[in-house]
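Here is a friendly walk through one protein model, meant to be read with the structure open beside you. Shall we begin with how burial is judged?

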Amino acid sequence: MPHSDELLWGAVGDISRLAALLTMAELGVADHLADGPLGSAELARRCGADPAALRRVLRELAAMDLLRPAGQDAYDLAPRGAALRSDVPDSVRSSIRMLGEESFWYAMGMLPATVRDGDSAFIKRYGHLYDHLAANPAVSAMFDDYMKRRALPFTEGLVKAYTFPPAATMVDVAGGKGHILATVLHANPQMRGVLMDLEHVTGQAERTFAEEGLADRTQVVAGDFFAGVPAGGDVYLLASVLHNWDDADSVTILSNIRRAMNPGGRVLVLEVVLPDDAAPHLGKDIDLRMLAIFNGGAERTRDEYAALLGQADLGLADVVDLGSGASLIEARPL
Ligand SMILES: C[S@@+](CC[C@H](N)C(=O)[O-])C[C@H]1O[C@@H](n2cnc3c(N)ncnc32)[C@H](O)[C@@H]1O
């Protein structure tokens, strides 16, 4: 067990390592090294960077085993660093750029101010995240890529661990690019799907379903889940949605689903459920991002989810561990 001082200063060093990682993603270092090693001056020229400044970042990236020294003042991509190439399957480049994007970085840097007055500094400066994304298409595209990347392990767990009712229609409420619904439909060929999201996102979902050969089993609907959700579904999925909203807004979304669902339907809430203990947990990390970016958005414990569901006339039926820190909460009408 490291000494507590090491843990403390390790966390401080994490800021420099994260900044180096963000620089690597933003400047496309991995793409420029995809064909083999380069000297740092040539790499700087290709990245459009200052050579002396980049050299110092490269040194840190090599210490993180993302790059490997390849002779005098030259670097090659290490296997770990290859995930930052734009052209590899499930590339993390766009996700990391999103986390380092000015507004997200600002939100975390301003956490002390947010905590002091209980009001998100992010919202004061950029407005609500989803309005900010609607007004900034380039950031929105990175955000949607980030959501897709982040959902990958959860989605794999979902299709392995959960038995969907045969021939059901699933409504993916705020389904983003359609990555989760597509995986569920591929694994359950008799099911049909409806994806609902904000208008500036639905085009991406349509493209996903067309590319995946699922256009004839899916319907994409633009809408606002505070106004209502598509009716007639047997399964309603809310994946990484409720943690963006306070209890009152979450109950509104759940109540709209409760009203719209077929008799005997179910609601699936995919979230990182907070443990009640003091152990390190992914949910505690993500919760601070929710705190920084949303007023009232939060990760919740099992009991807190049960209470929310109850307010929408839904009962918590089961919690299934999906691996990778996420859980599936199944709810049924009370
Ligand atoms: C955190 S993302 C989750 C996306 C997807 N479910 C997933 O797990 O990858 C939240 C989604 O909520 C959508 N959203 C936000 N406000 C909404 C609203 N009022 N009505 C419908 N969708 C909304 C966003 O556009 C975004 O796609």
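A residue counts as buried if 20 or more other C-beta atoms lie within 10 Å of its own, as exposed if 12 or fewer do, and as partly exposed in between. Please keep in mind that this is a predicted model.

With that rule in hand, take a look at K124, which is found in helix 8 (residues 121-126). K124 has 13 other C-beta atoms within 10 Å, so K124 is partly exposed. The C-alpha atoms of K124 and M261 are separated by 36 Å, and these residues are 137 apart along the chain.

Next comes the sheet. It is open, has 7 strands in the order 6-5-4-7-8-10-9, and its pairing is mixed. Strand 6 (218-222) and strand 9 (314-323) form the edges, each pairing on one side only. On average, neighbouring strands of this sheet are turned by 20 degrees against each other, direction ignored.

Within the sheet, strand 4 (residues 169-173) pairs with strand 7 (residues 235-239) in the parallel sense, over 3 bridges. Here M170 stands opposite V235 in strand 7.

Two helices can be set against these strands:

| Helix | Strands | Angle |
|---|---|---|
| Helix 11 (residues 179-187) | lies across strands 4, 5, 6 and 7 | about 165 degrees to strand 4 |
| Helix 15 (residues 302-311) | touches strands 8, 9 and 10 | about 145 degrees with strand 9 |

Finally, which residues come nearest to the ligand? Of the 17 residues around the ligand, they are M147, A174, G176, A239 and S240. By class, this shell has 11 nonpolar, 4 polar and 2 charged residues.

Key. Residues numbered from 1 in each chain as written. Predicted model: local features only at pLDDT ≥ 70, side-chain atom pairs only at ≥ 80, totals over all residues. Near = placed C-beta within 6 Å. Nonpolar A, V, L, I, M, F, W, Y, C, P; charged D, E, K, R; others polar. Helix = DSSP H or I, 4+ residues; strand = E, 2+ residues; numbered from the N terminus. Pairing = 2+ DSSP bridges. Axes fitted to C-alpha atoms, helices over the stretch in contact; angles between N-to-C directions. Contact = placed C-beta atoms within 7 Å.
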